[in-house]
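Me: I am new to this structure and would like a close look at its side-chain contacts. Please take them one at a time, and explain each term as it comes up.

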Amino acid sequence: MSKHTIWKISHGRNHFTREQREQCLSDKIAVMDRNTGHGQGAAFEAEMQLGDIIYLCHGNDAGIKVLGKIDSKAKIYDGSWLKREYKVLFKSRKPDEKYTGPVKAWAPNY
């Protein structure tokens, strides 16, 4: 049995318009800047594996939008931004309901 990592991906409003976030959902792509402050971009590019699980949120605007399974290697999206395609495993029944759970690094509200 292979083990897969679970990754949090946030398409926050500081970097994406609502339309861009919705387009990424429609296209089934997770997007990350290579130049994040804590190395997430490098991990997104080099450490994330095919078959790893993601949960995609839109920053603090709402809760989890989708649970997905990574389906591609990292590719250039735009400038320093990278993208990975994913297969949808589960769509949230309440995608616009704000997450109110604990404030942790792995949570949508962090």
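Reply: A good place to begin is the side chain of R84, which lies over the face of F44 at 5.7 Å from the ring centre. A charge is said to sit over a ring if NZ of Lys or CZ of Arg is within 6 Å of the ring centre and within 35 degrees of the ring normal. What you see is a predicted model, in which local features need pLDDT of at least 70 and side-chain atom pairs count only at pLDDT 80 or more, while totals for chains, interfaces and linings use all residues. Residues are numbered from 1 along each chain as its sequence is written, and side-chain values use heavy atoms, with hydrogens and water left out.

Rings can also meet other rings, and here the count comes to one aromatic pair (rings of Phe, Tyr and Trp, the last by its six-membered ring, pair if their centres lie within 6.5 Å, and planes under 30 degrees apart count as stacked, over 60 as edge-to-face and the rest as tilted). The partners are F16 and W81, set edge-to-face with 5.2 Å from centre to centre and 70 degrees between the planes. This pair links distant parts of the chain, since F16 is in the loop between β1 (6-10) and α1 (18-27), whereas W81 is in strand β6 (residues 81-91), 65 residues apart. Helices (H or I, at least four residues) and strands (E, at least two) are DSSP runs, numbered from the N terminus. F16 and W81 are both buried, where buried means under 20% relative accessible area, exposed over 50%, and partly exposed in between (1.4 Å probe, protein chains only).

Charged side chains meet as well, and the structure holds two salt bridges, each being a side-chain nitrogen of Lys or Arg within 4 Å of a carboxyl oxygen of Asp or Glu. One of them joins R34 to E45, with the closest N and O atoms 3.0 Å apart. It too links distant parts of the chain, as R34 is in the loop between β2 (29-33) and α2 (40-46) and E45 is in helix α2, 11 residues apart. R34 is partly exposed because its relative accessible area is 35%, and E45, at 34%, counts as partly exposed.

K75 forms a salt bridge with E85, and here the closest N and O atoms are 3.2 Å apart. K75 lies in strand β5 (residues 75-78) and E85 in strand β6, so the pair ties together parts that are 10 residues apart in sequence. The C-alpha atoms of K75 and E85 are separated by 9.1 Å. K75 is partly exposed, with a relative accessible area of 37%, and E85, at 31%, counts as partly exposed.

Strand β6 also holds V88, which is partly exposed because its relative accessible area is 25%. The C-alpha atoms of V88 and I54, 34 residues apart along the chain, are separated by 9.5 Å.

Finally, the cysteines deserve a word. A search of the whole structure finds zero disulfides, a disulfide being a pair of cysteine sulfur atoms within 2.5 Å. C24, at 1% relative accessibility, counts as buried, and C57 is buried with a relative accessible area of 0%.
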